[in-house]
Each structure stands twice: as C-alpha cells, then as structure tokens.
Amino acid sequence: AFDYDAAGLEMYQTLRNHLGEQLQFLQPNDYRLYEDYFRMAPKDHKQYVKCIRLAEKLGFLSLAETVKKKRKFMEQEMLLLEFNNE
C-alpha cells in the first residue's frame with residue numbers, strides 16, 4: 001500500500017516501471033466513502049499539483065478528483081485501519 005499523495009504515487013510509478021503489471025495500487029472502489037480520510041495537508045501547492053497530475057497520468061481519475069475536492073491527501077494507514085475493522 002502507498003500513501004495517496006505525490007510521494008506515494010511517485011514510488012508506485014517507479015516500481016511499476018520496473019515490475020510491470022504485477023504491481024497494483026490499492027484503491028477503494030468509491031473514494032466518496034473515504035473522503036473523510038483525506039486529512040493530510042500538502043506541504044505546499046507544488047506537492048498538491050504534482051499529486052493530481054500523477055494521479056491523472058496513471059489513470060487514477062477518481063483519486064485526482066478527490067484530492068482536488070478535499071485539497072488534502074490520505075495516508076495508506078487509513079485504509080489499512082478500515083480493512084482491519086471489517
């Protein structure tokens with residue numbers, strides 16, 4: 001699992017370039033259910049824009065839209081906590 005921010009997307013993209021299709025980015029089916037988990041404020045506007053651009057480039061359009069809407073990122077631990085509570 002990766003954080004849902006620019007650094008997490010960069011790490012995923014780098015690994016994906018080396019490992020190919022066997023690597024997947026863990027994502028919820030519907031980000032609307034997880035909007036409250038987007039709590040981590042970007043360090044600066046550059047990081048915010050970079051995250052959106054990377055998400056769009058990778059085809060993660062729902063993630064890009066959620067980041068735009070919330071203007072925050074989500075740490076992967078939030079989803080891991082959710083999965084552990086099921």
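At what angle do helix 1 and helix 2 pack, and how far apart are their axes? The legends below take that question first and then move along the chain of this predicted model.

**View 1. Helix 1 packs against helix 2.** The angle between helix 1 and helix 2 is about 35 degrees, and their axes lie 8 Å apart. On the helix 1 side, the contact is made by A6, L9, E10 and Q13. Helix 2 brings Q47, K50, C51, L54, A55 and K57 to meet them. Sorted by class, the residues of this contact are five nonpolar, two polar and three charged. The two helices pass each other in a left-handed crossing.

**View 2. Q13 sits in helix 1 and touches residues farther along the chain.** Have a look at what surrounds this glutamine. Leaving out residues up to four places away in sequence, Q13 touches L54, K57 and L58. Is Q13 buried or exposed? With a relative accessibility of 18%, Q13 counts as buried, because the cut-off for buried is under 20%.

**View 3. L58 lies in the loop between helix 2 and helix 3 and reaches back to L9, Y12 and Q13.** Those three contacts do not count residues up to four places away in sequence. Along the chain, L58 and Y12 are 46 residues apart, while their C-alpha atoms are separated by 9.7 Å. L58 has 24% relative accessibility and so counts as partly exposed.

**View 4. Helix 2 runs roughly antiparallel to helix 3.** The axes of these two helices come within 7 Å and cross at roughly 160 degrees. An angle over 145 degrees counts as roughly antiparallel, which is why helix 2 and helix 3 are described that way. The crossing is left-handed. From helix 2, the residues in the contact are Y48, C51, I52, A55 and E56. Their partners in helix 3 are L61, L63, A64, V67 and K68. Eight of the contact residues are nonpolar, none is polar and two are charged. C51 and A55 also belong to the helix 2 side of the contact with helix 1, so this view is best read next to View 1.**View 5. Helix 3 has a buried face and an opposite, exposed one.** Which residues of helix 3, spanning residues 61-70, are buried? They are L63, A64, T66 and V67. Seen down the helix axis, these buried residues fall within an arc of 165 degrees, so they line one face of helix 3. The face turned away from that buried side carries the exposed residues L61 and K69. Among the elements that cover the buried residues of helix 3 are helix 1 (6-19) and helix 2 (45-57).

**View 6. E35 and K70 touch each other across the chain.** E35 is found in the loop between helix 1 and helix 2, whereas K70 lies in helix 3. Apart from residues up to four places away in sequence, E35 touches T66, K69 and K70. E35 has a relative accessible area of 14% and is buried. K70, at 30%, is partly exposed. Setting aside neighbours within four places in sequence, K70 is in contact with E35, D36 and F38. The C-alpha atoms of K70 and D36 are 8.7 Å apart, with a sequence separation of 34 residues.

**View 7. E21 and D36 stand 30 Å apart, C-alpha to C-alpha.** In sequence, 15 residues separate this pair. E21 is found in the loop between helix 1 and helix 2. Its relative accessibility of 63% makes E21 count as exposed.

**View 8. R71 takes a positive phi just after helix 3.** What is the phi of R71? The value is near 60 degrees, and it is positive in a residue other than glycine. R71 lies in the loop between helix 3 and helix 4 (76-84). With a relative accessible area of 46%, R71 is partly exposed.

Definitions and conventions: Residues numbered from 1 in each chain as written. Predicted model: local features only at pLDDT ≥ 70, side-chain atom pairs only at ≥ 80, totals over all residues. Heavy atoms only, no water. Buried < 20%, exposed > 50% of the residue type's maximum accessible area, 1.4 Å probe, protein only. Helix = DSSP H or I, 4+ residues; strand = E, 2+ residues; numbered from the N terminus. Arc of directions from axis to C-beta. Contact = heavy atoms within 4.5 Å. Axes fitted to C-alpha atoms, helices over the stretch in contact; angles between N-to-C directions. Parallel < 35°, antiparallel > 145°, perpendicular 65-115°, else oblique. Left-handed = near helix turned anticlockwise from the far one by under 90°. Nonpolar A, V, L, I, M, F, W, Y, C, P; charged D, E, K, R; others polar.
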